[in-house]
Amino acid sequence: MRRVGKLLAGLAILPALLLAQNGAIRGRIADAAGAPLARAMVAAEGSGLHATSDDQGRYEIRGVSAGAYLLRVRLLGYQPRTARVVVDQSAVTQDFTLTAQPISLSPVDVVVGSRARHTAAEQLAVPVDVFTSEDMTKQGVTETGQILQSLAPSVNFPHQSVTDANDIVRPFTLRGLSPDETLVLINGWRRHQMALVNTFAYGMGAGTTGVDLNAIPSSAIDRIDVLRDGASAQYGSDAIAGVVNLVLKEGEFTPFLNTSIGRYHPDNYADDGTTATLNGGWGIGIGRGSLGLFGEFLDRQPTNRAWPDPYEDAGTGVTDSIVNGRIIVKRNAAPQPNHHWGDGLEKDIVTMANFRLPLNDQGTTEFYSFGGWSYRKGTGNGYRRCAVDCASFIQGRSWPQIYPFGYLPEFAPTVLDNSIVAGIRTVASGWSIDLGTSYGYNRFDYHIRHTLNVSLGPCLDPANPCAPGPDSTLGTADDMANQTSFFAGRLKRDEMLVGLNAAKSVSLGLREPVNVAIGAAFRREGYQITRGELASYVNGHHLGPDSSAGRPYSQVFPGFRPQDESNSHRTNAAVYADLETNLTTKFLANVAGRFEHYSDFGSLAIGKAAVRLQPSRQFTARAALSTGFRAPVLTQSHFSRVNTNVIGGVVTDVLIVPVADSAARLFNSKPLQAEKSVNVSAGFAFSPNDNVTFTVDAFQIKINHRILLSATFADSVTQAILAANNFTDVSGLQYFTNGLDTRTRGLDITGTLRMNAGAGTIDWTAMANYTKTAITHLDPRPAVFNGTPSTVGGIIDSVTYIAITEERPDWRATLTGEYNLGRVHALARAAYYGKFSSAQPGYCDLCRERYGAKTLFDAEVGYRFASVDLAVGLRNLFDTYPDKPSSQVIVDSFSDRSMDFNNNFGTFPWAAASPFGYNGRYLYARAEMRLNK
């Protein structure tokens with residue numbers, strides 16, 4: 001606590017040291033009727049400073065040096081305005097009244113939830129959170145996924161460790177559903193998904209996929225719109241939980257650079273995890289148009305919160321003396337801690353560009369294009385392979401000639417992601433028309449190191465191999481030497497989309513014109529699995545160190561085999577219609593319908609209806625009812641590989657196969673079908689005065705035929721069936737299934753308050769989310785087990801059951817206070833994470849652990865110079881950690897407890913599925929720099 005006191009004292013005195021007078025520009029933006037206009041961009045040209053108006057139309061540009069400036073305000077759907085102001089040491093007030101444009105190029109203000117023109121989330125019939133770039137910079141993190149979790153309590157983005165590829169690429173979830181049940185858009189265009197299948201990720205069921213948010217540089221994002229409602233009828237497959245729309249910065253703007261440097265400073269561990277980020281952008285004028293260029297570089301060093309291994313003997317038979325995670329006496333040569341429990345190394349280069357070019361003087365036709373390229377590499381670890389004894393108890397898988405003290409296998413994959421979108425917007429006969437195309441590509445290369453293939457023996461010299469190789473005869477041409485690193489295979493996924501959208505305000509004899517939006521889309525998807533190198537999957541037929549039959553595959557991650565390879569494609573065509581109008585001055589109605597046809601599973605139609613009632617300016621009520629769907633993705637239809645898992649302390653090589661595979665059919669697999677959902681939501685927004693706004697929304701989402709990986713069938717009956725059908729070198733099986741229905745209910749609450757605090761102001765923001773998922777139907781266990789002594793309990797196991805229903809906090813809430821006084825700004829935030837349960841990483845039916853709620857506190861203080869904004873801050877101020885596994889339930893015949901499997905016998909001390917991780921306190925400094933011309 002002494003360390004915390006010093007840090008708090010430093011933060012407390014910094015504002016007094018930095019406080020100085022300077023200029024500010026503030027005001028209010030309204031339409032011709034005096035109604036406030038939100039999300040208008042106000043820029044002080046020549047300063048590089050800008051601000052975005054809030055829901056009450058207010059804006060404030062702080063830290064403005066003395067001088068004359070041209071203020072320029074723009075808002076999609078309204079004519080831009082300018083005004084000249086002179087700034088001195090006091091605040092300058094400049095209000096704006098905007099006039100609506102008679103013709104708008106874009107049928108939507110890129111706000112999700114409606115295809116009519118809207119300028120504020122409160123005008124919609126569904127709940128939408130809008131987070132600006134200013135909001136994003138105050139979160140103390142730079143990865144886009146972490147930023148979104150910090151901003152939106154309905155989003156979960158848990159840290160991952162010992163989860164194979166998910167250590168490097170982490171999925172996010174919305175409203176407690178799977179990652180692939182949230183649609184991600186960029187500038188209103190569908191974002192392609194990852195090639196990766198999440199087989200071990202915490203906080204969700206196994207077998208899902210999703211979008212890699214961290215492949216998008218945060219510096220390129222102008223705002224994030226989060227639609228918290230089902231929207232498949234409007235946007236297509238995947239939009240069951242909602243939609244996340246990332247809107248890119250555009251137009252001409254002064255070059256800027258943002259940099260941050262931080263490091264974890266926990267009380268009971270050595271400092272580690274140094275993270276350096278540099279990002280920036282430049283809006284360049286090109287003729288009538290503009291080109292925005294953005295880039296980001298991230299260097300994150302690993303963290304490790306593992307405790308020393310009390311069972312590690314380095315082959316000597318003598319263990320270290322360890323008390324409460326600390327070595328008292330070191331008695332052998334094995335390094336400690338010998339496991340890794342934390343973030344891995346990561347180095348990213350991420351880029352994005354956004355181009356717009358009006359093609360005529362009237363601005364009624366324009367060409368647009370945007371896209372990005374990213375290259376990322378990282379590391380993650382598996383369980384240790386023991387020399388003789390260690391906490392993982394994975395024995396007989398280390399050759400002492402190669403690793404005398406055992407070894408910790410490491411993932412070192414590379415991820416390549418690129419995308420491009422291009423199109424034409426124009427106006428014809430009153431119709432706003434948008435015709436465009438997009439292409440997205442994601443590639444995941446599996447490289448593993450610090451490992452070996454047990455069946456290739458103890459010899460590393462290719463000139464003197466000692467493993468017989470595939471023919472099992474030593475001395476022939478296919479004899480093989482072992483390796484300590486492998487290329488284990490490649491996953492590729494791409495999507496191509498062509499879309500046509502049109503919108504027009506049409507008079508249909510109602511009180512007001514009806515906004516009619518219609519459109520069509522064609523999408524082609526591809527998915528490919530490429531085998532690893534031979535040594536990563538071969539059975540070299542060398543006996544193991546314990547004289548057991550040779551264990552094939554590279555340890556920790558078996559390479560993709562020739563029989564796993566696939567190259568599959570499918571197409572999808574869709575049409576939609578969307579109607580919206582004000583039936584009265586106080587009542588808005590919206591209906592939408594969509595029809596889609598997939599080449600691999602058929603057709604379906606869905607719809608949505610939403611209403612908004614606004615009896616007064618201060619109060620708005622809203623409700624929506626919709627049906628939705630999610631088509632099984634190609635990764636779920638064609639993914640195949642051998643997966644190494646530690647299930648209840650036993651290393652198990654599990655065969656994962658598509659439902660059409662002969663191995664899956666042995667266990668009564670069924671063809672996959674689309675998930676189907678029914679969403680109901682209702683809520684209200686209330687603003688008793690201009691300084692206070694709060695919203696409450698309740699929701700229910702029923703999903704039938706959810707697609708996940710089945711239970712791991714790994715009992716003696718399963719193994720006998722596999723062996724009898726010549727499926728060798730594996731001891732378990734999983735396949736994808738539609739075997740369960742779920743119901744998710746929840747509540748979203750938001751509130752904002754602005755108040756004076758002496759000469760400054762404080763903006764308070766409160767957000768809370770409650771989500772609870774229940775499984776309402778489960779298919780019975782496969783019929784092949786009936787009449788046998790099988791211990792398989794059902795189509796999914798308790799690990800997956802808990803992951804779906806309890807592995808996320810029931811309550812998530814944040815309270816943020818932002819203080820501004822001249823050039824000084826400060827922020828304080830409390831983040832509450834409710835209770836949750838998990839059976840990972842124990843992976844056994846009796847491994848449930850219950851973890852309590854925690855509250856984390858953050859603080860930041862900064863100072864704005866003329867062209868530089870400097871800030872220092874602390875995340876997790878009081879070095880809070882999740883609970884430790886503690887269940888005393890006996891789970892096996894050796895009297896091992898649930899907590900033993902979930903903490904890897906004392907080496908993984910903290911809850912694996914913690915939504916905020918377990919790295920502890922983080923101290924950082926950041927700078928935002930405007931490179932004025």
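A cavity, on a 1 Å grid over the protein atoms alone, is a set of points where a 1.4 Å probe fits but cannot get out, and its lining residues have an atom within 4 Å of a point. Keep that in mind, we start there.

First, the ground rules. This is a predicted model, where local features need pLDDT of at least 70, side-chain atom pairs count only at pLDDT 80 or more, and totals for chains, interfaces and linings use all residues. Residues are numbered from 1 along each chain as its sequence is written, and side-chain values use heavy atoms, with hydrogens and water left out.

Now the cavities. The whole structure holds 15 of them at 30 Å³ or more. Take the second largest. Its volume is about 380 Å³, where volume means the space filled by probe spheres set on the points, and grid points are joined across faces, edges and corners. What lies nearest its centre? Q146, Y833, L856, R875 and F916 do, out of 24 lining residues. Four elements give two or more residues to that lining: α3 (144-151), β39 (811-821), β40 (824-833) and β43 (854-864). Helices (H or I, at least four residues) and strands (E, at least two) are DSSP runs, numbered from the N terminus.

Next, the whole chain. It has nine helices and 45 strands. The C-alpha trace spans about 85 × 65 × 50 Å along its principal axes. Of the 933 residues, 61% count as buried. Buried means under 20% relative accessible area, exposed over 50%, and partly exposed in between, with a 1.4 Å probe and protein chains only.

Let's zoom in on a strand. Why is β4 (residues 58-64) largely enclosed by the rest of the structure? Seven of its seven residues are buried, so the strand is largely enclosed. Strand β1 (residues 23-31) pairs with β4, antiparallel, over six bridges. Two strands pair if DSSP finds at least two bridges between them. One such match puts I25 opposite I61 in β4.

For contrast, look at V323. This residue sits in strand β19 (residues 321-323). V323 is partly exposed, at 45% relative accessible area. P310 is 13 residues away from V323 in sequence, and 9.0 Å away in space, C-alpha to C-alpha.

Last stop, a sheet. Five strands form an open one, in the order β9-β14-β15-β12-β13, with mixed pairing. Which strands are at the edges? β9 (128-132) and β13 (189-190), each pairing on one side only. β9 runs antiparallel to β14 (residues 221-227), joined by five bridges. There, V128 stands opposite L227.

Terms used:
1 Å grid on protein atoms, 1.4 Å probe; cavity = no way out; pocket = protein on both sides within 12 Å on 5 of 7 lines; lining within 4 Å.
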